[in-house]
Amino acid sequence: MKLTSFDPSNQQALGEVEVATSEQIHECIQGAKAYQKQWRQLPLAERVEIVYKAFMSISPYSDELAVLLSKEMGKDIDRSTSEVRGAIFAGSHYAKEAGAALSPRNDGSDISYRALGVCAVISPWNYPLAMAVNLIVPALIAGNTVVFKPSEQTPLIAEQFIAHLNQHLPKSLITIVHGDGVVGEALAGHQDIALVAFTGSQAVGKKIMKSAASSLKRLIMELGGNDPMIVLKDADLDAAARFAVASSFENAGQMCTSTERIYVEKAVAQSFIDRVVTIASYYQTGAWDEPNAHIGPIVSKKQLVKITEHMDDAREKGANVLLGGDVKHGNFFNPTVLTNLSPNMLMEQEETFGPVVAIAEVDSVAEAIYRANDSDYGLGAVVFGREQVAEVANQLEAGMIGINKGAGGGGASPWVGAKQSGFGFHGGFDGHRQFAQVTVIS
């Protein structure tokens, strides 16, 4: 069976890949399992060098990969170029960083990090290379082999990227399989998969956990977010408004740490809202190669329907739409600003994943904190202000909290979610070590 990939800006077919059958999935896993015994025996430094060189070899193909990513996912060429080059850099950088993190050490006892076996990596469509590389590289450096299933929305860019990598990697080190959730569940439930590393929705994450439960597989999962932003009355309103719009509209709102709901103190609410509307009015929708386009298409009709349903629900429950709020044409959703966000709205309860700035005025800081935390999600959170900003940040329930900037630490910080936004985490020394078995000898 074939899986066809479409350009979300015009619905033109871009190409096809084969959907993996259960027999093919089993064969891939067995091949990865057989080679893993050899791969794990290589010295750690040698594994690092092999993976590092493979990623560096992709650099000459950056431009063509960026065009394919833009066509398949919809983001503009500048963002696609940044993602491709960033994935190449991250792959080579993480290879060395993971090598350092997984080196044996002595803390009174000998501590080593041993391979687990075959890892299944299941990645999303919104950042199809960046999110995959973050999981694949530490898995390989730890001595594991990888069976990789990209999103069915972006199979072509994943196929091409891995094909370039595999020209410089041993056979069966990374194997790619295509398909929808059926293929993902088959991977997660296979007895010879030792770890499942997944980035995607909360609902799919729960299915993976259920599939993995029979053999108690290791799980590393980032499960989306419904990120809040709090604007205190002493905040720099210009900076807060610029951030609110940019974060809400980034990648057409299709980003796990997009700002999804904003709570602003009533004393400065109107000034903040006026600034947001002015800034948001400059944003334009357009295909990846259209000049002056800031917001690309929504990746699929299914996702577009969800955004529309959230907008309809918000209107019915009293939201005031100040800008946009509807489909422009095809898969393009107009940049939107709404106020009067309330707790009973789907937009406050769930992840909308669209180009929407949703604002609520609050009577107190306590109300803002309560509503920000009143969610099963806990990936990122942001607070803008001065005097109380650290105190508020310390009360927010999220894995990553930004003070007067976006969530997500720099350097070797892990990428981590709280509550139902995360199960395990990746990135940084501690994150890389989750792809290995810690062994203590004393």
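UniProt positions are given here in the numbering used for this chain, and such annotations may be inferred rather than shown by experiment. With that in mind, the UniProt record, an unreviewed entry, places the feature "domain: Aldehyde dehydrogenase" at residues 4-440. What you're looking at is a predicted model. Over residues 4-440, helix makes up 41% of the chain and strand 20%, while the C-alpha atoms at the two ends of that range sit 48 Å apart.

Let's start with a pair of helices. Two packed helices are described by the angle between their axes and the distance between the axes. Take H7, which covers residues 181-189, and H8, which covers residues 202-212: they pack at an angle of about 35°, and their axes are 7 Å apart. The crossing of H7 past H8 is right-handed. If you want to pick out the contact on screen, select Glu185, Ala188 and Gly189 on the H7 side, then Lys207, Ile208, Ser211 and Ala212 on the H8 side. Sorted by class, that contact is a mix: three nonpolar, two polar and two charged residues.

Next, a bit of backbone geometry. Most residues other than glycine have a negative phi. Against that background, have a look at Gln11, where phi is positive, near 65°, even though the residue isn't glycine. Gln11 belongs to the loop that links strand E1 (2-6) to strand E2 (13-18). Is Gln11 buried, partly exposed or exposed? Its relative accessibility is 38%, so Gln11 counts as partly exposed, the class between 20% and 50%.

Further along the chain, Lys419 is another non-glycine residue with a positive phi, near 50° in this case. Lys419 is in a loop too, between strand E18 (400-403) and strand E19 (422-423). With a relative accessible area of 35%, Lys419 is partly exposed.

Finally, the cysteines. A disulfide is a covalent bond between the sulfur atoms of two cysteines. How many disulfides does a search of the whole structure find? The search comes back with zero. Cys28 shows what that looks like up close: the nearest cysteine sulfur belongs to Cys119 and is 15 Å away, whereas a disulfide would need the two sulfur atoms within 2.5 Å.

And how accessible is Cys28, buried or exposed? Buried means under 20% relative accessible area, so Cys28, at 18%, counts as buried. Cys256 is buried as well, because its relative accessible area is 12%.

How values were computed:
Residues numbered from 1 in each chain as written. Predicted model: local features only at pLDDT ≥ 70, side-chain atom pairs only at ≥ 80, totals over all residues. Heavy atoms only, no water. Axes fitted to C-alpha atoms, helices over the stretch in contact; angles between N-to-C directions. Helix = DSSP H or I, 4+ residues; strand = E, 2+ residues; numbered from the N terminus. Left-handed = near helix turned anticlockwise from the far one by under 90°. Contact = heavy atoms within 4.5 Å. Nonpolar A, V, L, I, M, F, W, Y, C, P; charged D, E, K, R; others polar. Buried < 20%, exposed > 50% of the residue type's maximum accessible area, 1.4 Å probe, protein only.
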